[in-house]
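Grab the sequence and the 3D view, and let's work through some exercises together. Each one sets a task and then solves it step by step.

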Amino acid sequence: MTERTSQPVPLIAGNWKMNGLRADGIALATEIARRARQAGRPGLGSDIVLCPPATLLAAIGLAIADSPIELGAQDCHHQANGAHTGDLSAAMLADLCCRYGIVGHSERRASHGETDTIVKSKAAAAQSAGLIAIICLGETEAERQEGATLRVIERQYRQSLPSGAGAENTVIAYEPVWAIGTGRVPSSAEIAEVHGHLRQIAAATMADAERLRLLYGGSVKANNVGELLAIANVDGALVGGASIVAEEFWAIVQCRAP
Ligand code: PGA
């Protein structure tokens, strides 16, 4: 693919996973929002989204009000409403002022049996409720060792993206399963290969592929984010463990500040 002529503002997303009770979660979001208000929009250099557990969405929404920080959910059901005990619809999340919704995280694929087909229907539900779907994909360690990485990524991309997906309603997060929470990160060349491949597939499937944000996720920390964001076709980061410590997350955000 030729040089990109227009690049989107990077996106730094914090996925808190199943962490945080009210007091800690509100304190964390309040501190990040305070710093973000001080920095202001162009000063931040990136879009920033916090994805707390669903129990904290309303409270965190209040804590980040009038700041450049946006709210995201970690999952949603694929239907708009109905008899689905314990589930949350995308419309409910949008109603709580979420702008983003993560779908297809490998932890949900592994522990809730979510297939590409389910992920696709969740992404479609998120998009039709007006959310930007952050669709996660990534190979396991065994798949990488077999040399199947690009094949797996391509299959997940083709089968997890709804037909109406474009840069305005979709973000892709490449998260190698073996890099999540392990402190291990692929080499820059390995990430560049996957992201380059994703960009090529996107170019064949959507008109605004140049502007589609392709995040990297998996053991992103303050001390490696600079190198990661410098890789071609990496437009931001999905951050897990390091997003629940204010100093560490802020240092990650600062990496793109002008
Ligand atoms: P990690 O998690 O940053 O703790 O590796 C990333 C993720 O699961 O999104």
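**Exercise 1. Work out whether Ser 106 is buried or exposed, and what surrounds it.**

Step 1. Ser 106 has a relative accessible area of 16%. The cut-offs are under 20% for buried, over 50% for exposed and partly exposed in between, using a 1.4 Å probe and protein chains only. Ser 106 is therefore buried.

Step 2. Place it: Ser 106 sits in helix H5 (residues 106–111). Helices here are DSSP runs of H or I with at least four residues, strands are E runs of at least two, and both are numbered from the N terminus.

Step 3. Look for its contacts, meaning heavy atoms within 4.5 Å. Not counting residues up to four places away in sequence, Ser 106 touches Val 177 and Ile 180.

A word on the ground rules: this is a predicted model, in which local features need pLDDT of at least 70 and side-chain atom pairs count only at pLDDT 80 or more, while totals for chains, interfaces and linings use all residues. Residues are numbered from 1 along each chain as its sequence is written, and side-chain values use heavy atoms, with hydrogens and water left out.

**Exercise 2. Find the order in which the eight strands close into a barrel, and follow the pairing around E8.**

Step 1. Two strands pair if DSSP finds at least two bridges between them. Going round, the barrel order is E1-E2-E3-E4-E5-E6-E7-E8, with parallel pairing. From one strand to the next, the twist averages 25 degrees.

Step 2. Start at strand E1 (residues 11–15): five bridges tie it to strand E2 (residues 47–51), in parallel. Here Asn 15 is found opposite Cys 51 in E2.

Step 3. E1 also pairs with E8, again in the parallel sense, over four bridges. Leu 11 faces Gly 236 of E8 across this pairing.

Step 4. Now try E8 against strand E7 (residues 213–217): two bridges, running parallel. Gly 217 stands opposite Leu 238 in E8.

Step 5. Check both faces of E8. Gly 236 and Leu 238 on one side are buried, and so are Ala 237 and Val 239 on the other.

**Exercise 3. Decide how enclosed strand E5 is, and name its partners.**

Step 1. Strand E5 covers residues 132–137, and six of its six residues are buried, so E5 is largely enclosed by the rest of the structure.

Step 2. Sort the side chains: Ile 132, Ile 134 and Cys 136 point one way, while Ala 133, Ile 135 and Leu 137 point the other.

Step 3. On to the partners. Strand E4 (residues 100–103) joins E5 through four bridges, in parallel, and Val 103 has Ile 135 as its bridge partner. Strand E6 (residues 170–174) joins E5 through five bridges, also parallel, with Ala 133 opposite Thr 170.

**Exercise 4. Describe how helix H11 lies against the barrel strands, then zoom in on Trp 250.**

Step 1. Helix H11 (residues 246–254) lies across E1, E2 and E8, at about 165 degrees to E1. Axes are lines fitted to C-alpha atoms, for helices over the stretch in contact, and angles run from 0 to 180 degrees between N-to-C directions.

Step 2. Trp 250 belongs to H11. Its relative accessibility is 8%, so Trp 250 counts as buried.

Step 3. Beyond four places in sequence, Trp 250 touches Ile 32, Arg 35, Ala 36, Ala 39 and Leu 44. The pair Trp 250 and Ala 36 is 214 residues apart in sequence but 9.0 Å apart in space, C-alpha to C-alpha.

**Exercise 5. Count the disulfides, and explain why Cys 98 and Cys 255 are not bonded.**

Step 1. A disulfide is a pair of cysteine sulfur atoms within 2.5 Å. The count comes to zero.

Step 2. For Cys 98, the closest cysteine sulfur is in Cys 51, at 7.8 Å, which is too far for a bond. Cys 98 is buried, with a relative accessible area of 7%.

Step 3. For Cys 255, the closest cysteine sulfur is again in Cys 51, at 19 Å, so that is too far for a bond as well. Cys 255 is partly exposed, with a relative accessible area of 31%.
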